[in-house]
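Here is a short report on surface patches, charge pairs and cysteines. Look over the sequence and the model first.

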Amino acid sequence: MPGITEEWKLKLTENKLKYYIGIDGFDRKMKSCSSGERVQSLPFLVGGTEFHILIYPNGCDEKRRGYISVVLMNNSDWKVKVEIEFEVGKRKASATHDIKSQMGRGWRKLYAHADLGKDEDAMDAAGMLSVSATISLLWGEVTEARIKSEISLKECKTEVEGLRSEVGDLKKKIEAREANLESKLTRSIDQSVDKSLTAKFKALEVSLKTFLPGPECPICFEEMKPPTRIIQCRSGHLVCQACREKPQVVICPTCKQEFIGRAIGME
């Protein structure tokens, strides 16, 4: 809210709450604000009843000018009985009040400006005022509006729990689907890589067979490329099968040793 820089709440029990407010530049607000000008907290719930706090830096009316006024407002449509304790620095004020619907109760002269400057716990050197309020809901009037409100609140809680459950289930489904998609994508990539590598190896094999020169027959001086059959001697020298089958070729022309069979590995 305008003028309030910090707000906290601490739930003590189902029907008891402590609310903290820090108001920045309160030392300036005490001088600049007119009587009746206020700073308002955000709304909060105590035992299913909505309240908010009003703080008047320069009094709630002209008669209270020069004082800090604080009021607890009942925002609900039913009457309540509450126990309130306001605390500003070393100053405490507590009371039990019946508060009608859309009405408020509090202290019109909680703290005089003249006394506030002497309380180091109330306002820090930067001019921030710290206010706390402890509210205990003792009872609330049973009205049709309250019953409807409580039923609506229960329905909202049930709906919220249902939505939480649905969100949890949806989150699990999304995570499972993401895992499934990731697995499929990984397999697809692996298969694509395998196919690509296989194709590249085949292309390389063809390239090697096409561009690498084959051994040359020392008799006919022809390159022995596939599907030429190649014969080798004991020393590993090679000749083509066509030349080996010539009657005059009985030994290796290179080392004069006999032939021992095909060089299948070279083919």
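## Surface patch, salt bridges and cysteines

Val193 lies in helix 3, which spans residues 144-211. Helices here are DSSP runs of H or I with at least four residues, strands are runs of E with at least two, and both are numbered from the N terminus. This is a predicted model: local features need pLDDT of at least 70, side-chain atom pairs count only at pLDDT 80 or more, and totals for chains, interfaces and linings use all residues. Residues are numbered from 1 along each chain as its sequence is written, and side-chain values use heavy atoms, with hydrogens and water left out.

Val193 is partly exposed, at 39% relative accessible area. Buried means under 20% relative accessible area, exposed over 50%, and partly exposed in between (1.4 Å probe, protein chains only). Val193 belongs to a nonpolar surface patch with Leu185, Ile189, Leu197, Phe201 and Leu204. Together they offer about 570 Å² of accessible area, computed by the Shrake-Rupley method with a 1.4 Å probe, where for residues only the protein chains shown count as cover. Patch residues have over 30% relative accessible area and no salt bridge; nonpolar side chains (Val, Leu, Ile, Met, Phe, Trp, Tyr) are joined within 5 Å, like charges within 9 Å.

Now the charges. Side chains of opposite charge can pair when their charged atoms come close. The structure holds seven salt bridges. Each is a side-chain nitrogen of Lys or Arg within 4 Å of a carboxyl oxygen of Asp or Glu. Three of the pairs are listed here, with the distance between their closest N and O atoms.

| Basic residue | Acidic residue | Closest N and O atoms |
|---|---|---|
| Arg64 | Asp61 | 2.8 Å |
| Arg65 | Glu62 | 2.9 Å |
| Arg234 | Glu258 | 2.6 Å |

The Arg234 and Glu258 pair links distant parts of the chain, 24 residues apart. Arg234 sits in the loop between strand 11 (230-233) and strand 12 (238-240). Glu258 sits in the loop between helix 4 (241-244) and strand 13 (259-262). Arg234 is exposed at 54%, while Glu258 is partly exposed at 41%. Arg64 is buried at 17%; its partner Asp61 is partly exposed at 25%. Elsewhere, Lys90, Asp119 and Asp121 are linked in a salt-bridge network.

How many disulfides does a search of the whole structure find? Zero. The cut-off is a pair of cysteine sulfur atoms within 2.5 Å. Cys233 is in no disulfide, and its nearest cysteine sulfur, that of Cys255, is 3.6 Å away. Cys233 is buried at 1%, whereas Cys255 is partly exposed at 24%.
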